[in-house]
Amino acid sequence: MLRALFAVAVVALAGLCSGCGDSKGGSVSVVGSNSIHLFAEMLAEEYNRSNPGVHVTVQAGGSTAGIQAVLSGVADIGMSSRSLKPEEAARLSVVTIARDGIAIIVHPSNKVTGLTHGQLRGIYEGKTTNWRDVGGEDGPIRPITREEGSGTRATFEEMVMGQARIAASAITQEASGTIREMVENDPGAIGYLSVGLVGTKAKAIAVDGVAPSHENVQSGKYPLARPFYFVLKGRPGEAAQRFIDFVLSPPAQQMLEKEGLVRVK
Amino acid sequence: MRREKLIAVALAALALTAVSGLAVITAFIFKEGFPLMVKVGFKEFIFSSEWYPREGHFGIFPMIVGSLAVTAGAMAIGVVFGVGVAVLLTQFCPPRLVAILKPAIELLAGIPSVVYGFMGVVVLVPFIREHLGGSGFSVLAASIVLGIMVLPTVISISVDALQAVPRPYYEGSIALGATEWQTTHMVMVRAARSGIIAAVILGMGRAIGETMAVIMVAGNTIALPTSPLSAVRTLTSNIALEMGYAAGDHRAALFATGVILFLVIMVLNTAALALSRRRAKGAR
Amino acid sequence: MRRIGPAHTQRLAVGFMWTLAALTIGVLLFIIAFILWKGLPHLSWGFLSESPRSMGREGGIFPMLVATLYVAGLGVLIAAPIGLGTAIYLTEYKREGRLTAVIRFGADCLAGIPSIIFGLFGFVFFVITLGMGLSVLSGALTLALMVLPTIIRTSEEAIRAVPRAYRDVSFGLGSTRWQMVTRVVLRTALPGITTGIVLAVGRSISETAAVMLTAGSALGLPRSLFDSCRTLSLHFYILSREGLSMTNAYATASILIIVILAINLLAYWLMRRFAARVR
């Protein structure tokens, strides 16, 4: 019986190896931002379906991980929801594939409908600790943040925190989905994530008086807007370039718009 | 005879592969992590509470406290439930039930940690938030989840230890008029003491090493925990959260955390080994 | 003060321990029942044979099943012969001494090292330094290293448990060392060895963090050793964290639990079968 098992294993392995040769030809590896990867996955699915010769794979890891992956050659295309740092920009180039807003979400029962920049910073710094102080009902504020490598966090820090650090006591989650879920279930929680991922239960509040509606993000009125980038090292390969062209084409941009992003073409 | 020689060489080659593979890992971790600890300074690395990698601050003290707190909580559950169930299985449980309970407990060991973490998020965290306060993501939540996860380890090794106690000990005690319970806690557990402690130590090792379940229920703050209801980040969670994007010194700091974990496990294993040796000697 | 008699104390103590046991089993049953109750209704043949669509909100998990088979299967396939061979060599071919004690201690330590450290090593060494990228191969090699110490340890324990007399009798009858090892020692130690390997398989299937950083998390079917892929437990993790489809998450978890149950049953059956053969 062991012999039979062994034989099966060898055959399966051989099957895997037979693809060894031709895999590198038409494959594009896209790695990076947690916020972008869901949308990119959707596009890749569509692209793979209409282009059977090519194999585009998308994986998450965070914006910084994506940038690292492109730098080290592990990925063909990186996804970043933050702008490149000077040392990164020196060796990499970017293509904007969409625009997105960062929504600030609170529990549906939270009375607060909007916050100013300053109030938001105070909350995330840990200085403002009660909802009462920003126009809500008495209760502790529990800020939730993304992990350090997140492009969403980097953009949030750049636009809202400035030089101030996010409080050490802020709860850290490594995915937007869990932030949304936490906020949906905890009346005291507040979090930030991509406008396209807000969902139907959590309440996205206005920032500096501007609501995160599609129009406001598109027109630039909503202050917390950021571009979604594809990050490249040097000239992209042929297969990669074709995928990028597809992502910038009208049908793909339409798909992104349907999901709540803002198209760039 | 030639064939025998060949086989011996082949086996030696396999052993060499294994040993070199494991040696490479150990060397790699130390090589990547140690220089950073020297660069930052051991005192700063271990005792500073400032973990801000982008600014060059690598203090893992909050994570060390986090790991210790969560492990201590887990072992509180692990010891009480683990040793209790082990005693029950070996001393007071009819064989038919043992045949059902033992595989069931082994099944507990097979459930993936992400499932445990998930159940923690769905059931435990809301419960803690509503009835005890805080966000629910806490040392307490992580301790309970980890406690359940280490039970199979503690139980099975304690059972082995208790079963290894020579039968005459038990019979002698009963013959002298003691009840089964008196015999159990005054004789059997006492005799199996080293093995049970070894079981607890190995359970501790497992608790310290758990990553996914803890990330899901502990909250992952970089602040020092102040109460069982505080959110916390452990050493392993820190590595898992940041290794995807860490580079340069930051990555080296994660390897350095690995060095610390390595040393801790080594100490625990040495202790467990010494204890089981003592048990083997004592049983003579 | 009236003292509680020993018989009464015993009843209290035993009652307490039964409560502990009931709670323990209760938790196990609760977890399994909860997941299966929420996930089984959504399981279908289609779910198992289709690929995921639309960010995992629809479709099935076929590529994940294949990915798990490849990554975990290959990992154990690499680790088992090396681990077993090492165990045999250490116990039967090498004289007991400092070296064997050091190797044994090293294997014991590495068996206890958190799996995330193997993940970190695999990510830096296999994925980046050796240039294998996020791939089935990187994942399998990392998993192989992770379960190797455990296989060495459990195999060694099983082999050492074989009574010395068996070996002496075999030699007395004129067998070579290898004949003795295969026909006597391994036959007798087979239950323990198999348990160790099955445990390794179970651990490989459950492993998430290390796999995420070495095999990646691509949704497609892996077509070669160098393609990235997503294993079952990683898919469950991602689905539950992204919150896009809880029904699919529960269904995936149900499959995971069923697979683990099946493996445990297989281990149990194999052990009894081999133990019976030894009689």
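Why does E181(A) count as buried? Select that residue to begin: E181(A) has 24 C-beta neighbours inside 10 Å, so E181(A) counts as buried. The cut-offs are these: a residue is buried with 20 or more other C-beta atoms within 10 Å of its own, exposed with 12 or fewer, and partly exposed in between, with C-beta atoms placed from the backbone.

Before you go on, note that this is a predicted model, in which local features need pLDDT of at least 70 and side-chain atom pairs count only at pLDDT 80 or more, while totals for chains, interfaces and linings use all residues. Residues are numbered from 1 along each chain as its sequence is written, and chains are lettered from A and ligands numbered from 1 in the order in which they are written.

**Stop 1: around E181(A)**

Keep E181(A) selected and show its secondary structure: the residue lies in helix α8 of chain A. Helices (H or I, at least four residues) and strands (E, at least two) are DSSP runs, numbered from the N terminus. Now add V198(A), which is 17 residues from E181(A) in sequence and 9.9 Å from it in space, C-alpha to C-alpha.

**Stop 2: strand β3 of chain A**

Next, select residues 77-80 of chain A, which form strand β3. Both of its faces are covered: I77(A) and M79(A) are buried on one side, and G78(A) and S80(A) are buried on the other. As background, side chains in a regular strand alternate between the two faces of the sheet.

Add residues 27-32 of chain A, strand β1, which runs parallel to β3(A) and is joined to it by three bridges. Strands count as paired if DSSP finds at least two bridges between them. Then bring in β10(A), residues 225-232, which pairs with β3(A) in the antiparallel sense, also over three bridges. G78(A) is a good residue to centre on: V31(A) stands opposite it, and its bridge partner in β10(A) is V231(A).

**Stop 3: the two domains of chain A**

Colour chain A by domain: domain 1 covers 2-99 + 227-258, and domain 2 covers 100-225. These bounds come from an automatic or database domain assignment. The C-alpha centres of the two domains lie 30 Å apart. Where they touch, domain 1 of chain A gives 13 residues and domain 2 of chain A gives 13 residues; here, two residues are in contact if their C-beta atoms, placed from the backbone, lie within 7 Å.

On the domain 1 side, highlight α3, α4 (63-72) and β4 (93-106) of chain A, each of which supplies at least two residues. The largest share, three residues, comes from α4(A). By class, this side has three nonpolar, eight polar and two charged residues. Ala, Val, Leu, Ile, Met, Phe, Trp, Tyr, Cys and Pro count as nonpolar, Asp, Glu, Lys and Arg as charged, and the others, Gly among them, as polar.

**Stop 4: where chain A meets chain C**

Which elements of chain A each supply at least two residues of the side that touches chain C? Show both chains: 24 residues of chain A are in contact with 27 residues of chain C. The elements to select are α1 (2-18), α2 (20-23), α3 (34-50), β2 (55-59) and α8 (176-185) of chain A. The chain A side holds eleven nonpolar, nine polar and four charged residues.

**Stop 5: chain B and its helices**

Isolate chain B, which has twelve helices and two strands. Its C-alpha trace spans about 70 × 70 × 35 Å along the principal axes, and buried residues make up 56% of its 284 residues.

Select residues 61-92 and 139-163 of chain B, helices α3 and α6, which pack at an angle of about 35° with their axes 6 Å apart. The axes are lines fitted to C-alpha atoms over the stretch in contact, with angles running from 0 to 180 degrees between N-to-C directions. The residues of this contact comprise 21 nonpolar, eight polar and no charged.

**Stop 6: chain B against chain C**

Bring chain C back: 58 residues of chain B are in contact with 63 residues of chain C. On the chain B side, helix α1 (residues 2-40) gives the most, with 15 residues. That side divides into 41 nonpolar, 14 polar and three charged residues.

Finish on chain C alone, with its eleven helices and two strands. Its C-alpha trace spans about 70 × 65 × 35 Å along the principal axes, and buried residues make up 53% of its 279 residues.
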